[in-house]
Amino acid sequence: MSHRVTDELGGNKEMDITGVSSSRRNSEHLPYVHKVGVPPKQNLLKEIAGTVKETFFSDDPLRNFKDQSRSRKFVLGLQAVFPILKWGRHYNLSKFKGDLIAGLTIASLCIPQDIGYAKLANLEPQYGLYSSFVPPLVYAFMGSSRDIAIGPVAVVSLLLGTLLQDEIDSSDNPVDYRRLAFTATFFAGITQVTLGFFRLGFLIDFLSHAAVVGFMAGAAITIALQQLKGLLGIKKFTKNTDIVSVMRSVFNSIHHGWNWQTILIGVSFLAFLLVAKYIGKKKKKLFWVPAIAPLISVILSTFLVYITHADKHGVQIVKHIRKGINPPSVNEIFFTGEYLGKGFRIGVVAGMIALTEAVAIGRTFASMKDYQLDGNKEMVALGTMNIVGSMTSCYVATGSFSRSAVNYMAGCHTAASNIVMSCVVLLTLELITPLFKYTPNAILASIIISAVISLIDLEAVALIWKIDKFDFVACMGAFFGVVFSSVEIGLVIAVSISFAKILLQVTRPRTAILGKLPRTTVYRNILQYPDATKIPGILIVRVDSAIYFSNSNYVKERILRWLTDEEERLKENSEPAIQYFIVEMSPVTDIDTSGIHALEELFRSLEKRGVKLVLANPGPVVVDKLHASKFPELIGEDRIFLTVAEAVQTCAPKMESEP
């Protein structure tokens with residue numbers, strides 16, 4: 001697999017032509033140049049099977065089933081669907097204590113939040129509590145995350161409320177609005193289960209981190225602005241969510257719509273909640289302070305309104321929360337009619353956003369505790385809980401970052417903390433809901449504002465600006481789309497910019513001129529390494545991407561432009577012309593027929609200029625396709641090399657021997 005060449009590498013900066021001639025005469029010291037290996041031809045079916053496996057089963061989910069008995073496989077199958085059967089075998093009192101404390105802590109946080117989030121979705125308060133009872137129970141049995149806390153979240157509640165309101169007015173037709181909410185929740189669950197079952201979780205990765213940061217920040221601003229209605233005691237408020245409409249509505253009602261008692265209650269408790277959050281952030285051991293602060297705020301504010309009769313002085317209150325556990329809602333889901341399609345569309349969008357948030361949260365805490373999280377299993381678990389939830393009067397639930405953080409800091413060990421939280425919510429629904437009658441809307445607004453502030457991650461935005469300006473554009477595009485237009489527009493912008501970035505990177509791959517590093521046989525980008533020197537008569541260019549139909553023409557034209565620029569520079573400086581053009585192909589992971597056709601056109605264009613095309617270090621996939629197309633026969637087998645160094649040491653002596 002090797003043959004002698006007629007050259008050795010010369011000095012540090014440039015090829016020593018004299019040394020080359022000398023090396024020819026000393027054949028016993030000639031270096032070897034290794035031929036590029038051609039991978040063995042694979043069976044077509046095996047190749048297809050390998051591609052499918054790598055695409056959809058890269059984590060080899062069936063590896064635990066190998067060499068197992070049928071009964072053992074059955075048990076492993078059950079444990080895969082219901083992880084509680086696996087970790088439950090090793091559950092003990094010590095773990096239960098941690099889960100009990102964590103569950104009680106997140107319950108104190110979720111109860112007031114759920115009431116507020118239900119209002120954000122334009123639903124009655126009890127539906128927020130319902131969504132923190134059934135879905136967490138289902139997730140505890142099927143979820144693989146130990147730390148995630150399940151329930152309604154601000155962003156999904158706002159998104160769902162906005163999309164539903166566009167179809168049905170919640171004030172004019174609350175029954176059909178609620179039915180459409182259950183229908184959307186059902187299809188959100190179907191979407192999530194489908195993605196998980198068919199292992200299509202990679203689709204949610206198309207929404208870039210930068211776009212998510214911008215979208216979340218914009219949604220946080222929008223949610224906070226929506227809470228001005230409750231915080232200021234305004235009765236007539238715009239149904240639009242953009243900042244211009246909201247601020248116009250706020251200032252138009254300044255003389256006749258604001259209520260000073262409501263403002264006093266809302267602002268006072270908002271300050272209390274923010275101080276509690278600051279204390280918890282500064283002293284990690286006091287994590288329970290911001291966790292229990294919302295419940296304390298609800299209790300105190302409700303008591304104040306009750307004893308002062310503030311509700312008779314314009315302070316708006318919750319009034320009534322239905323007592324009892326979730327009623328069945330299977331018959332309320334639209335399985336036919338005009339709202340079926342609308343529910344499906346809303347459900348797909350809400351399901352994808354909920355999935356993105358939950359998987360991101362789960363992976364974050366899994367990495368902190370150093371355990372593996374199966375994203376596809378998570379999708380199935382989240383989808384199943386939403387399908388069941390839609391049939392038990394719940395709307396879309398997912399992982400809450402604020403509650404999951406509290407759950408983690410409270411010392412949870414397993415998903416049993418969700419069961420504890422569900423039990424507390426059950427007791428609340430059965431026994432305590434009448435006590436929320438005098439809870440002022442202002443306190444719910446304060447709780448929501450304090451909760452969504454953490455969604456604005458200024459450090460992440462600053463880091464995005466430092467790292468990638470295009471990512472920053474995506475971030476700001478999503479942010480301004482949500483703030484100045486609507487949640488839907490912001491989401492469309494976020495997805496569009498994410499796709500635009502992918503298309504830009506695929507269609508316009510980077511290329512670089514390489515030079516030789518001093519005292520080495522290593523060739524690197526001359527812009528990154530200024531002391532790297534070019535080889536006289538040879539131009540080396542690296543292509544940093546696979547070559548497909550979408551970029552093949554650009555790659556060919558960019559390479560020719562590199563050559564034209566270099567020839568003009570050499571002509572101005574009266575230096576030797578380019579005789580060999582080496583394309584470094586190690587980053588080229590794949591190539592299609594359009595890419596090979598572009599290489600053939602490049603070869604012919606270079607031949608007309610009197611320049612020889614040389615390839616260096618093509619990968620196995622690329623080599624296989626090049627040989628299948630008989631491209632090596634076109635340029636010559638001796639023009640394909642294992643490394644750039646071997647290509648240079650072969651081409652340099654040939655230049656010397658040519659007149």
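**Exercise 1.** Over the face of which residue does K612 lie, and at what distance from the ring centre?

*Solution.* The model is a predicted one. Starting from K612, one finds that the ring beneath belongs to Y580, with 5.8 Å to the ring centre. A charge counts as sitting over a ring if NZ of Lys or CZ of Arg is within 6 Å of the ring centre and within 35 degrees of the ring normal. A further case is R146, whose charged end sits over the ring of Y371, at 4.0 Å from the centre of that ring.

**Exercise 2.** Determine how many aromatic pairs there are, and classify the pair of F365 and Y408.

*Solution.* Counting ring pairs with centres within 6.5 Å gives 14 aromatic pairs. For F365 and Y408 the ring centres are 5.4 Å apart and the planes meet at 40°, so this pair is tilted. As F365 belongs to helix α15 (residues 338–369) and Y408 to helix α17 (residues 401–409), the pair ties together parts that lie 43 residues apart in sequence. Turning to accessibility, F365 is buried at 4% relative accessibility, whereas Y408, with a relative accessible area of 26%, is partly exposed.

**Exercise 3.** Classify the pair of F479 and F480 from the angle between their planes, and state which residues ring pairs link into a cluster.

*Solution.* The centres of the F479 and F480 rings are 5.2 Å apart, and their planes stand at 75°; planes over 60 degrees apart count as edge-to-face, so the pair receives that label. Within this pair, F480 has a relative accessible area of 41% and is partly exposed. As for the cluster, ring pairs link F186, F187, F335 and F344.

Technical notes:
Residues numbered from 1 in each chain as written. Predicted model: local features only at pLDDT ≥ 70, side-chain atom pairs only at ≥ 80, totals over all residues. Heavy atoms only, no water. Phe/Tyr/Trp six-rings, centres within 6.5 Å; stacked < 30°, edge-to-face > 60°. Helix = DSSP H or I, 4+ residues; strand = E, 2+ residues; numbered from the N terminus. Buried < 20%, exposed > 50% of the residue type's maximum accessible area, 1.4 Å probe, protein only.
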